[in-house]
Amino acid sequence: MSGVAVLGVGMHPWGKFGKSFVEYGRVAARAALEDAGIDWTDVQMVAGANTWRGGYPGLVSGAAFAQELGWNGTRLSSSFAACASGAQAIGAARAHILAGLCDVALVIGADVAPKGFFGPFGGGDQTDPDWLRFRLLGATNPTYFGLYAQRRIAAYGASERDFAMVKAKNSRAGALNPNARFTKVVTEDEVLASAYVAEPLHLLDVCATSDGAAALVITSEDYARRKQLERGGRAVRISALSTNSPTYPNNVIEMPNFATDSTLAVPAPDEGFKTSLASSAYAEAGLGPDDLNLAEVYDLSTALELDWYEHIGLCAEGEAEKILHDGVTSLGGRVPVNPSGGLASFGEAVPAQAIAQVVELTVQLRGDAGERQVPNANVGMSINQGLFGHGSAVIVTA
Amino acid sequence: MTTPSRSAVPDWFDASETRLLGKACTRCRSVFFPPTIDRCRNPRCGGDVLETHPLSTRGRIWSWTRNHYKPPAPYVSGDPFEPYTVLAVELEEDGLVVLGQLSPDSPPANVGDMVSLRTEKLLEDEDGVQLVWRWTLDNSETVEVAS
Ligand SMILES: [Zn+2]
């Protein structure tokens, strides 16, 4: 099977700018096209990652971006999968290329963020569990992050200072990233001095919401090879992309649910949902955790980053704090995690975020990451989880 | 005169009996909460006869978090806003973990502690008081912290 290459990457910086998501997406797309060295008219497919906050155009983002760039008769695809939307858009484009339906696809995700907590999805349907979790429980998104964090404290003896250490680490990386929104180095004491949001998590443990956009030009390997001959070798390969669902019964409480599945009739699967996202990707790529040189994981909270170390197999369950303290996941460590600065430095722009993760992997594997470069980066994984049983993992190889 | 009161979600929570109402599949015995499903979601079953299944009223705290910020609507906050604790409670007999607030009148509770269900006021509207389930520390049995 012929593979799929990332030929170009582009971003609009993260922040709050008060503009339309379409404009952010256009800026990122133009940057990716320029990076790939191709014209917009060479693109055969546009795969958009949807945002419900952009109104109707946000829900048909593939068309919205294509119109903004100038109707060009491309194939269109629009994907919604909460935080995994970007990966599903990559997946749609990749599947078209692998099927031989096209050679060149442009993947775009962009968002405009509201202030503060996300409210219920879709407004005022009073029978919707997402409305009811706010109404009956006050269960905001950080509530779930707080539950996971407290569980690490009880089960593994983690401390609030361990969590703060993750933020400090990511802020040092983010300070080196011109596309990051927060570029000030934060200390552990500053995290611990910030107010509690969802105790044991402080304000600086929880990621903000941002505007931002990211785009990829992905192509068949044949097409990439021809372009590389023209421009010098700069393409990397997408070796795996998983978007699998949980397996019943999912016995971990997931946002936005009121309860887990029951293990009464069927025992819990050997592998939890998040671990299964990673292992599906490893299996597809024929690689394992020992092959990773870096990872971009979805640090919606600092404590969640620690959970991911275990889900992607960097260490055994309960040992994430140890490898954090040993510097394994810092820049300069054996497997730097979130060398981009992570969501801690970006703030979440939902449909753009999974694409931005792949942008960072690509930049690192090309050796273009400047001061935050991971030496000898040949294999990288990005992984995230969204609402409603969505999640994704991508493995990029040099 | 007493203020009329009712469950905020009658299909999910029986306020007069203080019971959460799940559903159980009559074929494979899988339990589900909330009860808003018509067909068993065990992928190897697919049974279409589900009966109301009151969940256990006692469980063990899997985790907790205390919200210190006023959440967005439709949550109805007091004035002034009071932080509140949300628990994830493991119901052994039902094989699941369910969320609920810790009663503001309960002593502090930690992971591994046993809690029991109670009925409390969620809010008051023009039709009276809406009732919701909350958990309260249950000292009737001492247990070790689960890991
Ligand atoms: Zn069944």
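**Figure 1. Four cysteines of chain B hold the zinc ion.** In this predicted model, the zinc ion is coordinated by the SG atoms of B:Cys25, B:Cys28, B:Cys40 and B:Cys45. The coordination distances run from 2.3 to 2.4 Å. Angles between the four donor atoms span 103 to 115°, so the arrangement is tetrahedral. Along the sequence, the donor residues follow the spacing C-x2-C-x11-C-x4-C. B:Cys25 belongs to strand S3 (residues 19–25) of chain B, while B:Cys40 sits in the loop between strand S4 (31–32) and strand S5 (50–54), so this pair ties together parts 15 residues apart in sequence. B:Cys25 is buried, with 0% relative accessibility. B:Cys40 is also buried, at 6%.

**Figure 2. Chain B is built from strands.** Chain B has ten strands and zero helices. Read from the N terminus, its elements run β-β-β-β-β-β-β-β-β-β. Its C-alpha atoms fill a box of roughly 50 × 45 × 30 Å along the principal axes. The chain has 147 residues, and 53% of them count as buried. Take the contacts in chain B with a separation of 6 or more: 53% of these come from residues 24 or more positions apart.

**Figure 3. Chain B meets chain A.** Here 50 residues of chain B are in contact with 40 residues of chain A. The area buried between the two chains is about 3700 Å². Carbon and sulfur atoms give 66% of that area. Three residues deserve a look: B:Trp62, B:Pro74 and B:Leu99. Together they supply 18% of the area that chain B buries against chain A, more than any other three residues.

**Figure 4. One aromatic cluster includes residues from both chains.** Chain A gives A:Phe258. Chain B gives B:Trp12, B:Phe13, B:Phe33 and B:Trp133. These residues form one cluster.

**Figure 5. A:Trp52 and A:Phe80 form an aromatic pair.** The whole structure holds twelve aromatic pairs over all chains. In this one, the rings of A:Trp52 and A:Phe80 meet edge-to-face. Their centres are 5.6 Å apart, and their planes make an angle of 75°. The pair links distant parts of the chain, 28 residues apart. A:Trp52 lies in the loop between strand S2 (45–49) and helix H2 (56–59) of chain A. A:Phe80 lies in the loop between strand S3 (75–79) and helix H4 (85–98) of chain A. Are these residues buried or partly exposed? A:Trp52 has 28% relative accessibility, so it counts as partly exposed. A:Phe80, at 29%, is partly exposed too.

**Figure 6. Two lysines of chain A lie over aromatic rings.** A:Lys167 lies over the face of A:Phe182, at 6.0 Å from the ring centre. A:Lys274 lies over the face of A:Trp308, at 4.9 Å from the ring centre.

**Figure 7. Helix H3 of chain A is largely enclosed.** This helix spans residues 61–69 of chain A. Seven of its nine residues are buried, so the rest of the structure largely encloses it. The buried residues are A:Ser61, A:Gly62, A:Ala63, A:Ala64, A:Phe65, A:Ala66 and A:Leu69. What do they pack against? Their partners in chain A are helix H1 (21–36), S2, H2, S3 and strand S4 (104–111). Just after the helix comes A:Gly70, which takes a positive phi of about 105°.

Key:
Residues are numbered from 1 along each chain as its sequence is written. Chains are lettered from A and ligands numbered from 1 in the order in which they are written. This is a predicted model: local features need pLDDT of at least 70, side-chain atom pairs count only at pLDDT 80 or more; totals for chains, interfaces and linings use all residues. Side-chain values use heavy atoms; hydrogens and water are left out. Rings of Phe, Tyr and Trp (its six-membered ring) pair if their centres lie within 6.5 Å; planes under 30 degrees apart count as stacked, over 60 as edge-to-face and the rest as tilted. Helices (H or I, at least four residues) and strands (E, at least two) are DSSP runs, numbered from the N terminus. Buried means under 20% relative accessible area, exposed over 50%, partly exposed in between (1.4 Å probe, protein chains only). A charge sits over a ring if NZ of Lys or CZ of Arg is within 6 Å of the ring centre and within 35 degrees of the ring normal. Donors are N, O and S atoms within 2.8 Å of the metal (3.2 Å for Na, K and Ca); water is not among the atoms, so sites may look incomplete. Four donors count as tetrahedral if all angles lie between 85 and 135 degrees; four count as square planar and six as octahedral if opposite donors are over 155 degrees apart and all others between 65 and 115; anything else is irregular. Contact means heavy atoms within 4.5 Å. Buried area is the accessible area (1.4 Å probe) that two parts lose on being put together, summed over both.
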